[in-house]
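Got the viewer open? Let's walk through this one a selection at a time, starting on the surface.

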Amino acid sequence: MGVCLLLSAALLLLWTPAAEALMEPGICYVLDAILFIYGIILTILYCRLKFLAHRASRQGPGKELKEEAIYTGLSGEGQEMYETLEIKHS
């Protein structure tokens with residue numbers, strides 16, 4: 001049932017005038033250019049992320065200690081994992 005529905009939807013999409021417009025090479029070139037630019041932007045962002053992570057690791061643990069100082073008061077070493085709730089009878 002699902003395969004038949006998928007096949008009929010695919011045939012319906014291929015039969016529309018919009019599918020005929022994709023057969024023109026000008027539109028394909030525009031779509032290729034958009035995908036090419038998108039790939040370049042993603043590659044630049046990925047390299048930038050790797051470069052920043054590498055630079056942060058070279059700076060040493062000084063910056064990490066300052067950031068960890070925010071969470072110093074949140075240690076739960078003296079507490080049990082699950083505490084029982086006391087029922088108050090009024």
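Start by selecting Phe 36, Ile 37, Tyr 38, Ile 40, Ile 41, Leu 42, Ile 44 and Leu 45: together these residues make a nonpolar surface patch with about 820 Å² of accessible area. Keep in mind that you're looking at a predicted model.

Now narrow the selection to one member of that patch, Ile 44. You'll find Ile 44 in helix H3, which covers residues 25-59. Buried or exposed, what is Ile 44? Its relative accessible area is 53%, and the cut-off for exposed is over 50%, so Ile 44 counts as exposed.

Next, color by confidence. H3 has the highest mean pLDDT among the elements, at 89. Then jump to helix H4, residues 62-68, where the mean pLDDT is the lowest, at 56. Across the whole protein the average is 76, and 59% of the residues score at least 70.

Switch to a cartoon view. How many helices and strands are there? You should count 4 helices and 0 strands, so from the N terminus on, the order reads α-α-α-α.

Time for the cysteines. Select Cys 28, which is partly exposed at 30% relative accessible area, and then Cys 47, also partly exposed, with 46% relative accessibility. Don't go hunting for disulfides, though: the structure holds 0.

Last stop, show the full surface. The protein exposes about 9,400 Å², with carbon and sulfur atoms supplying 69% of that area. How much of the protein is made up of buried residues? Just 1% of its 90 residues are buried, where buried means under 20% relative accessible area.

Terms used
Residues are numbered from 1 along each chain as its sequence is written. This is a predicted model: local features need pLDDT of at least 70, side-chain atom pairs count only at pLDDT 80 or more; totals for chains, interfaces and linings use all residues. Side-chain values use heavy atoms; hydrogens and water are left out. A disulfide is a pair of cysteine sulfur atoms within 2.5 Å. Buried means under 20% relative accessible area, exposed over 50%, partly exposed in between (1.4 Å probe, protein chains only). Patches are made of residues with over 30% relative accessible area and no salt bridge: like charges are joined within 9 Å, nonpolar side chains (Val, Leu, Ile, Met, Phe, Trp, Tyr) within 5 Å. Accessible areas come from the Shrake-Rupley method with a 1.4 Å probe; for residues, only the protein chains shown count as cover. A salt bridge is a side-chain nitrogen of Lys or Arg within 4 Å of a carboxyl oxygen of Asp or Glu. Helices (H or I, at least four residues) and strands (E, at least two) are DSSP runs, numbered from the N terminus. pLDDT is the predictor's confidence in each residue, from 0 to 100.
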